[in-house]
Amino acid sequence: MTSTRERCALTDCEWCERDDLRCRFCEGVGWWRPEKPRRDGCGVIDWIRVEEPCRMCAGTGKEHNPLVTASENGAGTG
Ligand SMILES: [Zn+2]
Ligand SMILES: [Zn+2]
């Protein structure tokens, strides 16, 4: 079983404070299962499904990037 994190890395995050917006990328579960390419020994690319915390909501399941007018480039948070 997986569960959502309570908060993201930000200390005072306004998005973590609210419960009314679900992350539209992971549908509020905080996890997603993208497919990643993996090349085997013969050079054949194989797609494998992985499970990782949703990057858009930091695994909180709460919408952190609602569609806004300002375009903000995310600086790598490491
Ligand atoms: Zn947050
Ligand atoms: Zn998410």
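**Entry 1: His64 and the zinc ion (ligand 1)**

I looked up His64 and recorded it as buried, because its relative accessibility is 12%, under the 20% limit for that class. The model I am reading is predicted.

I then listed the protein donors of the zinc ion (ligand 1): His64 contributes NE2, while Cys8, Cys13 and Cys16 each contribute SG. These donors lie 2.0 to 2.3 Å from the ion. Along the sequence I read their spacing as C-x4-C-x2-C-x47-H. Cys13 sits in the segment before H1 and His64 in the segment after E4, so this pair ties together parts that are 51 residues apart in sequence. I noted Cys13 as buried too, because its relative accessible area is 2%.

What arrangement do the 4 donor atoms around the zinc ion (ligand 1) make? I found that they subtend angles of 106 to 115 degrees, and therefore entered the arrangement as tetrahedral.

**Entry 2: the zinc ion (ligand 2)**

Next I turned to the zinc ion (ligand 2). Its protein donors are the SG atoms of Cys23, Cys26, Cys54 and Cys57, lying 2.3 Å from the ion. I read the donor spacing along the chain as C-x2-C-x27-C-x2-C. Of these residues, I followed the pair Cys26 and Cys57, which links distant parts of the chain, 31 residues apart. Cys26 is in the loop between helix H1 (14–17) and strand E1 (31–32), whereas Cys57 is in the segment after strand E4 (52–53). I found both Cys26 and Cys57 buried.

I entered this site as tetrahedral because the 4 donor atoms around the zinc ion (ligand 2) subtend angles of 102 to 116 degrees.

**Entry 3: Thr60**

From Cys57 I moved on to Thr60, which lies in the segment after E4. I classed Thr60 as buried because its relative accessibility is 3%. Its side chain reaches the backbone oxygen of Cys57, a donor residue of the zinc ion (ligand 2), at 2.6 Å. A polar atom of the Thr60 side chain also lies 3.2 Å from the backbone nitrogen of Lys62.

Which residues is Thr60 in contact with, leaving aside its neighbours within four places in sequence? I listed Thr4, Arg5, Glu6, Arg7, Cys8, Cys16 and Gly30. Cys8 and Cys16 from this list are also donor residues of the zinc ion (ligand 1).

**Entry 4: salt bridges**

I then examined charged side chains, and the count came to 9 salt bridges. One of them joins Arg49 and Glu35, with the closest N and O atoms 3.1 Å apart. This pair links strand E3 (residues 45–49), which holds Arg49, with strand E2 (residues 35–39), which holds Glu35; the two residues are 14 residues apart. I recorded Arg49 as exposed because its relative accessible area is 54%, and Glu35 as partly exposed because its relative accessibility is 42%.

I also found a salt bridge between the side chains of Lys36 and Glu52, at 3.4 Å from N to O. Lys36 lies in strand E2 and Glu52 in strand E4, so the pair ties together parts that are 16 residues apart in sequence. Glu52 forms a salt bridge with Arg55 as well, the closest N and O atoms being 3.2 Å apart. I therefore entered Lys36, Glu52 and Arg55 as linked in a network of salt bridges.

Buried or exposed: how do the members of this network class? Glu52 counts as buried because its relative accessibility is 12%. Lys36, at 34%, counts as partly exposed, and Arg55 is exposed, with a relative accessible area of 60%.

Definitions and conventions:
Residues numbered from 1 in each chain as written. Chains lettered and ligands numbered in written order. Predicted model: local features only at pLDDT ≥ 70, side-chain atom pairs only at ≥ 80, totals over all residues. Heavy atoms only, no water. Donors = N, O, S within 2.8 Å, 3.2 Å for Na, K, Ca; no water. Tetrahedral: all angles 85-135°; square planar, octahedral: opposite > 155°, others 65-115°. Helix = DSSP H or I, 4+ residues; strand = E, 2+ residues; numbered from the N terminus. Buried < 20%, exposed > 50% of the residue type's maximum accessible area, 1.4 Å probe, protein only. Polar contact = N/O pair within 3.5 Å; in protein donor to acceptor, adjacent residues only side chain to side chain. Contact = heavy atoms within 4.5 Å. Salt bridge = Lys/Arg side-chain N within 4 Å of Asp/Glu carboxyl O.
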